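Welcome, and please open your viewer with the sequence panel showing. We will go from stop to stop, selecting a few things at each.

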Amino acid sequence: METIRENLAAVHAVMEEACKKVGRDPKEVTLLAVSKTKPMELLKEAYEAGERSFGENYVQELTEKIKETEEDPPYTALSGISWHMIGHLQRNKVKYIVDKVDMIHSVDSLRLAEQIEHDAEKKGVIANILLEVNIAGEESKWGFTAAEGKEAALSVAKDLPHVRVRGFMTSAPYTEDPESNRVHFRNLKALFDETAKLLAAEGAPDAAAFDTLSMGMTGDYRVAIEEGATIVRVGTGIFGARDYSH
Ligand SMILES: *Cc1c(COP(=O)(O)O)cnc(C)c1O
């Protein structure tokens, strides 16, 4: 079996190649190591190999892992982790994470954004968020339509002072052929550019901070980077397949 260190080196090599191919600076793209369902020993291995950004999907698992890094040796050695919430988030759970994560990628409704505003204000923080866009229009997926996403970004930027809208996130359709998702990544990048312009034109306070495009997973991150991703979310490609049987 490949070690996590080897997997990470391979992922970083692909990321650099993808950047090179399209003339992007590799520093523009951050790898988010998606550690959901994986034990702390494996996070520690990734940390020791140099990773500092971790993505989690479930509030309880996320808060437990953060607590371990705060209280439980040897995991207290894992200082300076940037935690990202990437899974579907219920409004009544926002309070548990709003001041603990650096970014919430999965904001899929204005009601959720308003809840984040409420809880962020209460805790005295500014919450960085991405709006989740269902760019392929899949029946089964959470998220704004493209048109709604643009409007939602403007209204969050204008109306919610404790929420900083940083960009968009999408989960493209599951596919064996990453090329088939290229069009979706390209469409989200186009929407991102249009929205950035709109925010600037409207003089929205968050306009200058609208700089993040979270797209691409193990199967398609190379294509996502070629199309403009600034964060790729890779789980299986680093930690191996997930086991949901227990
Ligand atoms: C699980 C998950 C990932 C990582 O998926 P892999 O295919 O294992 O790389 C990325 N983004 C989201 C939103 C996820 O839920």
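Begin with Arg242: a polar atom in its side chain sits 2.8 Å from an oxygen atom of the ligand. Of the 390 Å² of accessible area that the ligand has on its own, the protein covers 87%. Keep in mind as you look around that this is a predicted model.

Stay with the ligand and select Thr218 next. An N or O atom of the Thr218 side chain is 2.4 Å from a ligand oxygen atom. Then add Lys36, where a polar side-chain atom lies 2.7 Å from an oxygen atom of the ligand.

Now widen the selection to the whole shell. How many residues surround the ligand? There are 13, and the closest are Lys36, Asn57, Thr218, Thr236 and Arg242. Colour the shell by residue type and you should find five nonpolar, five polar and three charged residues. If you display pockets, look for the largest one: that is the space taken by the ligand.

From Lys36, step along to Thr37. This residue is in the loop between strand S1 (30-34) and helix H2 (40-48). Check its backbone: phi is positive, at about 70°, although Thr37 is not a glycine. Then go to the loop between helix H3 (59-71) and strand S3 (82-85), where you will find Pro74. The peptide bond that leads from Pro73 to Pro74 is cis, with omega near 5°. Why pause at these two stops? Because most residues other than glycine have a negative phi, and most peptide bonds are trans.

For the last stop, turn to the salt bridges, of which the structure holds 15. Select Lys21 and Glu226, one such pair, whose closest N and O atoms are 3.4 Å apart. Lys21 belongs to helix H1 (residues 4-22) and Glu226 to helix H8 (residues 221-226), so this pair ties together parts that are 205 residues apart in sequence.

Methods. Residues numbered from 1 in each chain as written. Predicted model: local features only at pLDDT ≥ 70, side-chain atom pairs only at ≥ 80, totals over all residues. Heavy atoms only, no water. Near = heavy atom within 4 Å. Polar contact = N/O pair within 3.5 Å; in protein donor to acceptor, adjacent residues only side chain to side chain. Areas by Shrake-Rupley, 256 points an atom, 1.4 Å probe, with all protein chains shown as cover. 1 Å grid on protein atoms, 1.4 Å probe; cavity = no way out; pocket = protein on both sides within 12 Å on 5 of 7 lines; lining within 4 Å. Sits in = over half its atoms within 2 Å of the grid points. Nonpolar A, V, L, I, M, F, W, Y, C, P; charged D, E, K, R; others polar. Salt bridge = Lys/Arg side-chain N within 4 Å of Asp/Glu carboxyl O. Helix = DSSP H or I, 4+ residues; strand = E, 2+ residues; numbered from the N terminus.
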